[in-house]
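Here are a few exercises on helix geometry, burial and charged pairs. Grab your viewer and work through them in order.

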Amino acid sequence: MNNKIAVVLTLLGAASLAGCTSAPKGDAGILCPLIGAGFGAALGGGGGAVGGGIVGAIVCANPDQDKDGVANTSDMCPDTPMGTEVDASGCPMVEEMMVEEVVEETVVEEVVEPVVMLPIIPQECEPYVSVDGEKVTGFATIMFGFDKDQYGASEQEKIDCIADVVIANELNVDAVGYTDSTGPKDYNMDLSKRRAANVVQALLDAGVPANDTLKEAKGEMAPAMTNETENGRAHNRRVEVRVY
């Protein structure tokens, strides 16, 4: 009979001690030893009271208030709802979100500037050469005296520079002869032809390829200036070297 009573009291004591684990921490530190001592006394007298107190103190020393498996002394979240999965600190597990960083690669397209090939013109020849951007467009006019088909010595520098530029830049040119309006038209046409031929020959002698040089005669047609004045007529006695 006594044994049955002891078993019943033991079960009641265990239930009471278990209840201490959900009590506030301050109360549990006092109630658990007292309850343990009381049941210990009932079971085993004075010695049982001492033993029961010790057992109660041990059981309630580190209660788990929210029943999450983490003792209150280590539980950073002591009020976690029942059944919540917690981490080592007693707090709900936080699912880590993997954020993939998208790095946009900026492709810088290299802009290649076109290479501009400027014409080759000796510095001393620049006054005799017309240039538009990267192209040679013309040359200074070769002047002639009245009724002359040979140019004067003063024009030789022009001829030399024209030949140098034509050769250096591989140009195709022609020579067009003109006269003023003095004299018969047929005579002037022949005179202009001889003037153009002499300039072409001078360019060939300077090294210009024969297939790069043509000659043309226009006589008194297409005057550069008026034929009513001596100055105008002097400018009309000429050969133009054209680039084509």
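**Exercise 1. Check the length of helix α3 (residues 156-169) against its expected span.**

Step 1: helices here are DSSP runs of H or I with at least four residues, strands are E runs of at least two, and both are numbered from the N terminus. Step 2: the expected span is 1.5 Å times one less than the number of residues. Step 3: α3 has 14 residues, so it should span 20 Å, and its end C-alpha atoms are indeed 20 Å apart, which agrees. Step 4: look just past the helix, where E170 follows with a positive phi near 55 degrees.

A word on the ground rules: this is a predicted model, where local features need pLDDT of at least 70 and side-chain atom pairs count only at pLDDT 80 or more, while totals for chains, interfaces and linings use all residues. Residues are numbered from 1 along each chain as its sequence is written, and side-chain values use heavy atoms, with hydrogens and water left out.

**Exercise 2. Find which residues of α3 are buried, and what covers them.**

Step 1: call a residue buried under 20% relative accessible area, exposed over 50%, and partly exposed in between (1.4 Å probe, protein chains only). Step 2: on α3 that picks out K158, I159, C161, I162, A163, V165, V166 and N169 as buried. Step 3: their cover includes the strands β1 (129-132), β2 (135-139), β3 (142-143), β4 (173-177) and β6 (238-243), plus helix α4 (185-205).

**Exercise 3. Describe the salt bridge between R194 and D190.**

Step 1: a salt bridge needs a side-chain nitrogen of Lys or Arg within 4 Å of a carboxyl oxygen of Asp or Glu; the structure holds 9 of them. Step 2: for R194 and D190, the closest N and O atoms are 3.0 Å apart. Step 3: both sit in α4, 4 residues apart, or about one turn. Step 4: R194 is at 28% relative accessibility, so partly exposed, and D190, at 37%, is partly exposed too.

**Exercise 4. Trace the salt-bridge network that contains E230.**

Step 1: E230 pairs with R233 at 3.3 Å, N to O. These two are 3 residues apart in helix α5 (residues 230-236), so about one helical turn separates them. Step 2: E230 also meets R237, at 3.4 Å. Step 3: E230 is partly exposed at 47%, whereas R237 is buried at 6%. Step 4: add D180, and you have the network of D180, E230, R233 and R237.

Key
Contact = heavy atoms within 4.5 Å.
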